[in-house]
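Me: I should like a close look at one part of this protein model, namely the place where its domains meet. Please explain each term as it arises.

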Amino acid sequence: MEAAGPRYTLYSYFRSSCSARLRIVLNLKGIPYDLVPVNLLKDEQLSASHRALNPSATVPLLVSGDDGLKIGQSVAAIEYLDEVHPTTPMLPPSSEPEARAVVRTLAAIIACDTQPVTNLRIMRRVRALSGNAEDWNRDLMTDGLRAYEAVAKEHAGKYSYGDCITVADACLLPAVWNAERFGVDLTAFPTIAKVVANLDKHPEVKRAHYFRQPDTPEELRIE
């Protein structure tokens, strides 16, 4: 556990992939935090009280107890934590700009290209237009993982880039959990499968799983 420092509050939903990214990083860095569940299925993120904290009306939201800093975007929060808590860095060192660019590219394939078009808000809009939200998600998740695989296979070791966990892995793993949920055929992505198998062995990563959270419904809980 990291030495005493700022106390953080994480507003999170158990099945939010963006929230899971932050849980993974906070756990890996040994940073203590208080978790406040926000139930997306009950639209708690749309409440006036939550909008006052995060105008985007989303989770996650990371709040620093020291200065009240509020960060409502997961990758921005991860980069902030990396700068304030440099132990267990989530990016390669600044002396390796090419490596950092690759890691950021991988993270963005998930965080910019894939998750925003497959989240709950978009699924609701697809259904409102009489579309099949599950097919929509399955197709777009497959596209995103295909792109990730193509980049990662050139650089992966034990993890997505070499043998250290990075922000790319923190973005990838929850995306894979989502893909499994929607029936994406993951056998087409051997590099991703290898990386995920290694991530699944890490105790602090396992602790961030959707089904191990305080707000996980009892019927979904795993040990």
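Reply: The following account describes the domains, the boundary between them, and some local details of the chain.

This is a predicted model, in which local features need pLDDT of at least 70, side-chain atom pairs count only at pLDDT 80 or more, and totals for chains, interfaces and linings use all residues. Residues are numbered from 1 along each chain as its sequence is written, and side-chain values use heavy atoms, with hydrogens and water left out.

The chain is divided into domain 1 (9–88) and domain 2 (97–207), with bounds that come from an automatic or database domain assignment. The centres of the two domains, taken over C-alpha atoms, are separated by 20 Å. In contact (heavy atoms within 4.5 Å) are 16 residues of domain 1 and 19 residues of domain 2.

The size of an interface is often given as the accessible area lost when the parts come together. Here the buried area, which is the accessible area (1.4 Å probe) that two parts lose on being put together, summed over both, is about 1500 Å², and carbon and sulfur atoms give 63% of it. Arg21, Ile24 and Asn27 supply 36% of the area that domain 1 buries against domain 2, more than any other three residues.

Between domain 1 and domain 2 there are two salt bridges, a salt bridge being a side-chain nitrogen of Lys or Arg within 4 Å of a carboxyl oxygen of Asp or Glu. The side chains of Arg124 and Asp43 form a salt bridge, at 2.7 Å from N to O. Helix 1 (17–29) and helix 3 (74–84) each supply at least two residues of the side of domain 1 that touches domain 2. Helices (H or I, at least four residues) and strands (E, at least two) are DSSP runs, numbered from the N terminus. Helix 1 gives the most to this side of domain 1, with eight residues. The residues of that side divide into nine nonpolar, three polar and four charged; Ala, Val, Leu, Ile, Met, Phe, Trp, Tyr, Cys and Pro count as nonpolar, Asp, Glu, Lys and Arg as charged, and the others, Gly among them, as polar.

Asp43 also deserves attention for its backbone. Asp43 lies in the loop between strand 2 and helix 2, and its phi is near 60°, a positive value in a residue other than glycine. Most residues other than glycine have a negative phi, and most peptide bonds are trans. A cis peptide bond, with omega of about 5°, joins Val59 and Pro60. Pro60 is found in the loop between helix 2 (48–53) and strand 3 (61–64).
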